[in-house]
2 protein chains.
Amino acid sequence: MADNKYVYFFGGGKADGKGDMKDLLGGKGAGLAEMTNAGIPVPPGFTITTDVCALFYENNMAVPANVEAQMKEYLGKLEGMLNLKLGDAERPMLLSVRSGAKFSMPGMMDTVLNLGLSDATIRGLIKLTGNERFAWDSYRRFIQMFSNVVMGVEKEVFEHIISHEKERLGIKLDTEFTSENLKELVVLFKERVREVAGRDFPQAGDEQLRMSRDAVFKSWNNPRAITYRKLNSIPSNLGTAVNIQAMVFGNMGDTSGTGVGFTRNPSTGAKEFYGEYLTNAQGEDVVAGTRTPRPIANLEQEMPAVYKQLREITTRLEQHYRDIQDFEFTIQENTLFMLQTRAGKRTTQAAVKIAVDMVKEGLISKEEAILRIEPNQLDQLLHPIIDPKAKLEVIAKGLPASPGAATGKVVFDADEAAARGDKEKLILVRTETCPDDIHGMHSAQGILTARGGMTSHAAVVARGMGKCCVAGCEDIRVDEKNRKFTADGITIKENDHITLDGSTGRVIFGEAPLIEPTLSGDFAEIMTWVDEMRTLKVRANADIPRDAQVAREFGAEGIGLCRTEHMFFAEDRLPHVQEMILADNVEDREAALKVLLPMQRSDFKGLMREMKGYPVTIRLLDPPLHEFLPKREELMVEVAVAKATGGDAKKIAQREKLLHRVEELHEFNPMLGHRGCRLGITYPEITRMQVRAILEAACELSKEGQAVIPEIMIPLVGHVNELKNQKALVIETAEQVMKEQGITLEYLVGTMIELPRAAVTADEIAKEAQFFSFGTNDLTQTTFGFSRDDSAKFIRHYIDTGLMEKDPFAVLDQDGVGKLVAMGVEKGRSTRPDLKVGICGEHGGEPSSVEFCHNTGLNYVSCSPYRVPIARIASAQAAIKSKGKSISRDK
Amino acid sequence: MADNKYVYFFGGGKADGKGDMKDLLGGKGAGLAEMTNAGIPVPPGFTITTDVCALFYENNMAVPANVEAQMKEYLGKLEGMLNLKLGDAERPMLLSVRSGAKFSMPGMMDTVLNLGLSDATIRGLIKLTGNERFAWDSYRRFIQMFSNVVMGVEKEVFEHIISHEKERLGIKLDTEFTSENLKELVVLFKERVREVAGRDFPQAGDEQLRMSRDAVFKSWNNPRAITYRKLNSIPSNLGTAVNIQAMVFGNMGDTSGTGVGFTRNPSTGAKEFYGEYLTNAQGEDVVAGTRTPRPIANLEQEMPAVYKQLREITTRLEQHYRDIQDFEFTIQENTLFMLQTRAGKRTTQAAVKIAVDMVKEGLISKEEAILRIEPNQLDQLLHPIIDPKAKLEVIAKGLPASPGAATGKVVFDADEAAARGDKEKLILVRTETCPDDIHGMHSAQGILTARGGMTSHAAVVARGMGKCCVAGCEDIRVDEKNRKFTADGITIKENDHITLDGSTGRVIFGEAPLIEPTLSGDFAEIMTWVDEMRTLKVRANADIPRDAQVAREFGAEGIGLCRTEHMFFAEDRLPHVQEMILADNVEDREAALKVLLPMQRSDFKGLMREMKGYPVTIRLLDPPLHEFLPKREELMVEVAVAKATGGDAKKIAQREKLLHRVEELHEFNPMLGHRGCRLGITYPEITRMQVRAILEAACELSKEGQAVIPEIMIPLVGHVNELKNQKALVIETAEQVMKEQGITLEYLVGTMIELPRAAVTADEIAKEAQFFSFGTNDLTQTTFGFSRDDSAKFIRHYIDTGLMEKDPFAVLDQDGVGKLVAMGVEKGRSTRPDLKVGICGEHGGEPSSVEFCHNTGLNYVSCSPYRVPIARIASAQAAIKSKGKSISRDK
């Protein structure tokens with residue numbers, strides 16, 4: 001009976017195994033077989049199967065004799081193929097020995113490189129490569145690796161010798177060792193190995209090979225591999241294969257060489273062969289920069305046959321993997337070996353061009369093209385970025401709160417920013433921002449805050465403006481009064497230059513060069529495909545006509561959230577808003593509201609006109625009223641100081657009265673206080689004014705012949721009775737306005753679902769609501785009990801220590817908050833099957849959250865205008881991924 | 001074929017119908033039949049069945065002739081029985097006509113009294129009663145009622161005439177009308193009826209009766225009845241019956257009379273016949289107080305037979321209804337009629353005695369006795385109450401935050417309260433309290449705050465101390481600086497007397513008389529039955545040994561929540577706590593913690609010693625650290641004023657440094673900030689110190705031979721990884737301490753479930769937790785998005801306007817928060833079936849919430865020591881009610 005086959009050869013254009021034999025050959029072994037069969041010249045070698053791993057453990061940690069015999073046979077074949085020999089002093093063959101299980105377990109098991117080197121074979125290597133230093137360096141590395149992995153000698157043993165030698169020689173870097181020094185190191189290493197391991201470092205190639213192979217099998221059960229398998233649910237009985245592969249050398253003279261390249265230009269995406277190489281060199285030489293590599297085109301003259309083969313192979317690789325390839329190759333004495341190939345990293349611009357080109361070339365489908373785009377990277381196309389080549393002095397890191405880059409002079413005051421922002425580029429730096437800073441934020445190029453999370457005021461407003469923002473930068477200490485901030489020991493004063501990278505959170509000292517974004521025709525093309533694929537609608541959060549216009553340009557299909565309060569902060573309005581708040585009776589409040597009415601009406605009219613018939617969701621007043629008043633503690637200080645210093649009694653009395661009202665409105669936890677629909681319930685006249693403004697605007701537009709569908713949204717509903725109360729007011733006012741205007745038009749009344757109680761009682765609430773919009777910012781706050789303004793500090797600690805993977809204000813927490821969203825959708829539709837459901841939290845523009853929204857059956861997402869393209873792509877990707885899958889809600 | 005029976009007679013000790021014929025006779029008719037059959041002498045009469053109501057509507061709003069015939073027959077029988085005649089000028093019979101459907105619809109349908117009066121019959125009534133004024137007053141009332149109900153004349157028509165007459169006569173009260181005046185009123189009324197209704201007021205008794213009967217049938221479909229039925233899901237086809245009953249008169253001479261009474265003493269519960277009566281009088285005379293009624297015992301001499309019958313009847317009524325009866329009777333010419341009987345209102349003390357006595361008398365079971373106690377009223381037994389007879393000047397009303405009553409001089413400062421509280425009775429009045437007011441709260445008799453809800457600091461601490469508190473009293477305005485507050489236009493200065501009623505929220509001007517509580521043997525007895533019945537354990541929330549002792553005395557079976565931070569506010573500790581917080585490195589923090597360690601250890605030891613082997617759940621540090629530091633705004637003012645007025649530079653610098661750290665710790669929404677397990681995660685040394693203190697205390701006690709089971713509770717867990725992190729620290733520290741102490745003892749590690757995310761991911765969390773304790777205060781805050789400190793204002797508005805039924809901080813919101821609790825229990829037990837589950841929010845002592853906890857399958861509730869008896873009774877009631885019912889969790 002024929003012996004089982006335990007060893008699979010690959011090389012010379014043919015392999016014993018195949019790509020689908022991962023069970024037997026492991027992932028790496030099967031890949032090597034596949035590439036070989038595909039005609040890719042990978043360095044030849046053989047794979048010892050995973051079956052042998054089991055036999056090894058059954059057989060008392062030893063490889064059975066029949067396997068040894070097969071291995072010997074293929075080793076001979078390999079030597080023949082390369083015209084080299086393991087352990088030969090003239091033409092030594094060097095090998096790598098690597099593990100390779102069915103599932104990748106990166107770094108968990110052992111690897112040995114340069115196997116075959118010894119006191120004898122080193123001479124051969126020197127002769128073959130003519131590079132004595134390279135040979136000795138390889139030898140000393142081999143001793144280090146082998147002794148550690150196979151013989152159990154601690155790494156520190158060698159590090160200690162190296163340090164000691166450097167000191168003795170008065171050098172600092174490994175690269176300063178001469179060939180002679182390295183030779184001495186080898187001697188010292190071997191001595192130390194004998195002392196520690198109690199035996200000589202093995203000199204015979206076959207012994208080195210056997211020992212390494214057995215070490216790989218043993219490493220299958222080392223503690224970190226066991227833990228990794230547990231964590232990743234990989235069965236422990238699969239075993240690992242062992243891959244033994246010839247090492248190849250690009251430094252064996254002028255007919256040898258090495259290089260790297262891309263099948264297309266990774267910066268622009270242009271279809272051009274791109275890369276560089278060096279003759280008579282190792283891969284490290286290309287990387288180290290000690291010699292200047294030549295453009296790959298030169299290879300055509302130097303080694304035309306090899307060049308031709310390389311072009312053919314890389315073209316085939318690209319065809320095979322259907323993506324741009326980033327490859328490494330080595331030429332050993334005129335023979336080309338591919339060392340590695342993988343999908344090439346590319347700029348977003350290139351990614352878009354390549355995806356579109358490949359569809360046109362028939363290489364990939366439109367769906368695949370869309371899936372190739374990393375939605376988050378689109379920011380690179382929509383905002384300026386810092387020139388990747390620039391040298392930067394990073395002085396602090398905060399939260400990447402709003403993408404893009406900005407550079408300018410530091411100012412610490414919103415008024416100052418507003419005053420100078422037209423003429424100069426400014427960065428507004430604040431401990432935190434508040435609604436009255438908006439004019440300054442608008443005039444600045446970018447915003448930096450020391451406090452606040454991904455949904456803090458600064459972050460939300462900046463994203464809405466498409467303006468770069470680094471928030472919650474706990475590394476800096478802002479001293480607004482003295483107009484300076486410190487970071488990393490440096491003090492930055494007013495008018496010093498800094499640069500912000502809102503995509504990474506970096507704060508950079510000085511003026512870094514920026515690259516302005518460009519939107520290509522390819523981008524426009526792929527976006528039309530995106531819109532064909534997706535089922536989820538994408539709306540924008542926009543408060544003013546200008547934002548609405550941007551949103552439309554980016555493809556928004558409506559406004560999912562207009563925050564009416566943002567209009568209240570305008571300079572000409574705030575006094576009336578304050579009057580309304582300070583009123584201590586209904587009449588005075590109504591008088592102030594009467595002044596605000598025409599302003600709101602004109603805002604809404606502008607917004608709805610801009611949206612040209614697309615739905616516009618307007619949320620009634622949401623924030624606590626004291627946000628519109630002077631800060632309590634500042635007033636306290638002002639009054640106390642004025643009194644202590646004998647200020648004007650009349651003025652003091654006036655300010656004290658104001659303070660008194662501010663005290664009355666003061667809340668310990670405003671986020672959980674008198675806001676949202678609670679305002680409209682206690683001050684129904686505010687709801688009436690806002691609804692009147694919306695409906696009057698809609699009626700006027702309708703008379704002008706424009707289609708309008710206002711969607712009136714009640715915020716912060718926790719109990720269905722709150723919605724009932726406000727809905728009755730809305731309907732009463734709307735009917736009245738339509739009667740006055742002599743027009744009937746369609747409008748919807750719905751609610752935010754942004755409190756856990758709303759989600760768990762969504763069945764009741766849906767009976768009263770024509771639509772739901774999940775406010776996942778607030779829902780995240782209350783579900784986690786995290787204040788968005790205060791939690792940045794410990795969330796960062798959580799993420800740094802691995803306690804939490806992602807900031808839940810940036811990426812929707814699907815396990816917790818998502819469960820409530822799913823519950824809300826399900827319960828809501830149980831009593832109102834045609835309920836329209838959207839999301840208007842910041843998550844509406846975050847790709848993984850958008851996918852969740854698609855899978856949970858939402859009708860639309862709404863996000864900052866600048867994130868609309870991202871949401872469009874993400875929703876198309878979600879649609880493509882879920883095609884054919886049934887949507888399951890909560891598993 | 002015999003005609004259907006449409007009219008059912010009752011009277012003379014016999015009725016045609018029975019008590020179970022509610023469908024046909026309506027609830028009232030069936031009840032009258034039942035009482036008659038039981039030998040209770042109710043005024044006789046007859047019931048026209050609900051079938052007739054249907055016939056009436058089918059028959060064009062008219063009663064068919066055969067029904068009229070039956071009615072006439074029974075009317076004759078009634079006249080015979082009473083020796084009176086409808087419409088007779090000598091001995092007129094007067095009737096009442098009342099609706100009565102199967103289900104009670106109080107006040108929804110129509111009633112006519114004194115039917116039968118006319119210009120002719122009035123003379124007979126005067127003769128029979130000898131009371132001319134009574135007769136004319138009855139007539140004018142009859143005209144008003146009949147004209148309104150039957151003829152549709154607006155009530156205002158008569159009110160207008162009455163006002164006009166009063167003006168003319170120069171009088172103010174109805175009682176000032178003379179007999180002659182009333183006679184004139186009758187004339188004026190009849191004239192006006194003719195004008196408005198277009199016909200004379202009907203004078204014939206049979207016409208009056210027919211019209212009234214038809215009006216009652218019609219009232220079944222009046223708009224308010226239709227709405228009521230819709231709201232209460234009562235089918236609209238049931239119809240109403242009509243009850244026609246003789247009016248009886250206690251003012252027909254010296255053989256007539258009227259009275260009220262109780263079968264037992266409603267104040268003490270003693271088994272004694274209790275009541276009062278008047279001869280020759282109507283019921284109104286007893287109530288009006290114009291004549292002084294005599295004790296009911298006197299009746300025995302005056303009318304021995306009637307007295308004997310009354311004793312027999314009321315005894316039978318008590319036996320029949322198995323409860324103390326509150327009855328009204330009238331004697332008409334030596335014949336006793338029972339007008340009403342119902343369960344008697346009683347004091348809590350009486351309720352307990354009556355329940356226990358009735359069990360001993362074999363009248364009710366122990367279960368029924370327990371169900372008879374209103375748990376919330378137990379407060380009356382445990383705390384002083386305001387003498388119910390006292391005349392009070394109520395000047396404001398706040399939340400009934402902690403029960404009992406207290407009276408004393410007003411102080412506005414905790415230090416002042418602490419300094420004087422030993423010698424004087426004081427009431428501490430503050431805008432709100434904070435942790436450093438605790439010593440003053442402790443020394444005061446009661447606490448009044450203008451801000452904060454049912455779970456505000458003042459409320460929670462006061463309940464824990466068993467001290468009277470009125471919180472969130474928005475009616476008052478506190479001016480702490482000038483040591484005064486205003487309410488209802490009155491200014492109360494320091495040292496003025498006020499009285500608080502913490503059970504109703506009343507604030508009373510002056511010193512009201514209080515009644516001290518007494519606990520009877522009956523109470524002790526019923527509590528032993530309670531403990532036999534209940535399955536839910538009851539623990540107490542207690543932070544210090546003294547509270548633990550009170551808890552044990554009230555029957556607590558362990559401590560469900562020890563808030564370790566409450567120990568931090570003691571005068572000798574706060575400086576070290578502040579040192580710990582202000583430390584800017586781990587070493588300094590550990591040094592401060594080292595000082596705190598022995599203090600905490602001794603606290604825990606005292607607590608566990610007091611609990612004698614019952615479980616003690618200790619929660620690790622929970623509140624945000626800045627609660628332990630001076631207030632930010634006060635420091636700001638201090639520093640600013642000192643600077644403006646040229647204060648000592650060194651001292652300013654010192655305070656500025658402190659301010660700086662306070663600024664760093666400042667949070668916008670501390671409730672959602674850096675607190676709970678987030679503290680222990682960022683400052684692991686705090687967790688280590690606390691766990692060490694707990695375990696050292698436990699080990700020491702164990703060595704002293706006492707059983708101890710510490711349960712270490714991690715607060716504010718939202719993500720399982722937070723628990724994992726802290727649990728690892730707890731176990732590591734505990735193992736270390738036990739090793740040091742050479743002892744092994746049992747301890748548990750569990751978590752609070754107080755965030756919505758914890759509830760929805762309870763399956764994950766339960767894998768790491770040996771117990772759950774629902775923190776429903778915080779869970780209510782986050783589920784509703786209501787800050788407990790800020791929401792009192794609008795919650796009050798919600799309740800006042802009917803938008804919300806109950807304050808969710810006082811009564812667990814079963815529809816929302818309760819859903820999350822049920823979800824948490826179910827998910828938790830899905831991965832850990834033996835999970836121990838309790839509740840330690842303020843709801844743990846609220847009866848309806850306790851019932852919910854029982855039904856949801858919790859193992860225990862934990863509440864303030866003074867609420868332990870309430871929770872024990874409530875849980876026994878829940879067990880009795882659910883006996884035989886299967887527990888369903890979430891429907």
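The following exercises, each with a worked solution, deal with a predicted model.

Local features in it need pLDDT of at least 70 and side-chain atom pairs count only at pLDDT 80 or more, while totals for chains, interfaces and linings use all residues. Residues are numbered from 1 along each chain as its sequence is written, chains are lettered from A in the order in which they are written, and side-chain values use heavy atoms, without hydrogens and water.

**Exercise 1. Describe chain A as a whole.**

Step 1. Take the extent: the C-alpha trace of chain A spans about 105 × 65 × 55 Å along its principal axes.

Step 2. List the secondary structure. Chain A has 34 helices and 32 strands; these are DSSP runs numbered from the N terminus, with helices being H or I of at least four residues and strands E of at least two.

Step 3. Look at burial. A residue is buried under 20% relative accessible area, exposed over 50% and partly exposed in between (1.4 Å probe, protein chains only). Of the 891 residues of chain A, 58% count as buried.

Step 4. Look at contacts, meaning heavy atoms within 4.5 Å. Among the contacts in chain A with a separation of 6 or more, 68% are between residues 24 or more positions apart.

**Exercise 2. Find the residues with the most partners in the largest nonpolar core.**

Step 1. Fix the term: a nonpolar core is a set of buried Ala, Val, Leu, Ile, Met, Phe, Trp, Tyr and Cys residues joined through side-chain atoms within 4.5 Å.

Step 2. The largest such core has 227 residues, and Phe772(A) and Phe772(B) touch the most other members.

Step 3. Beyond its neighbours within four places in sequence, Phe772(A) is in contact with residues including Thr751(A), Ile753(A), Leu835(A), Val837(A) and Tyr860(A).

Step 4. Another core lies apart from this one; it has 69 residues, among them Phe9(A), Val63(A), Tyr139(A) and Val248(A).

**Exercise 3. Work out how chain A and chain B are related.**

Step 1. Superpose the copies by least squares on the C-alpha atoms of residues with pLDDT of at least 70 in both. A turn of 179 degrees and a shift of 0.1 Å along the axis lay chain A on chain B with an RMSD of 0.3 Å.

Step 2. Name the relation: this is that of a two-fold axis.

Step 3. Locate the axis. Asn669(A) is the residue of chain A that comes closest to it, with its C-alpha at 2.0 Å.

Step 4. Compare the two sides. In chain B, 100% of the interface residues of chain A are interface residues too, so the copies meet through the same surface.

**Exercise 4. Characterise the interface between the chains.**

Step 1. Count residues: 60 of chain A are in contact with 61 of chain B.

Step 2. Give the buried area, which is the accessible area (1.4 Å probe) that two parts lose on being put together, summed over both. Between chain A and chain B about 5300 Å² is buried, and carbon and sulfur atoms give 59% of this. Phe668(A), Leu672(A) and Arg757(A) supply 13% of the area that chain A buries against chain B, more than any other three residues.

Step 3. Count salt bridges, each a side-chain nitrogen of Lys or Arg within 4 Å of a carboxyl oxygen of Asp or Glu. The interface holds 6 of them. One pairs Arg477(B) with Glu664(A), whose closest N and O atoms are 2.5 Å apart.

Step 4. Assign elements. H23(A) gives the largest share of the side of chain A that touches chain B, 8 residues.

**Exercise 5. Examine helix H31 of chain A.**

Step 1. Its buried residues are Ala792(A), Phe794(A), Ile795(A) and Tyr798(A).

Step 2. Their cover includes strand E14 (399-402) of chain A, and also helix H25 (677-682) and helix H27 (720-741) of chain B.

Step 3. After H31(A) comes Gly802(A), with a positive phi near 80 degrees.

**Exercise 6. Compare the settings of two salt bridges in chain B.**

Step 1. Lys409(B) and Glu424(B) form a salt bridge with an N to O distance of 3.0 Å. The pair ties together parts 15 residues apart in sequence, because Lys409(B) lies in strand E15 (residues 405-411) and Glu424(B) in the loop between helix H16 (414-420) and strand E16 (426-430).

Step 2. Lys409(B) is partly exposed at 27% relative accessibility, and Glu424(B) is partly exposed at 23%.

Step 3. Glu557(B) and Arg534(B) also form a salt bridge, at 3.0 Å from N to O. Both Glu557(B) and Arg534(B) are buried.
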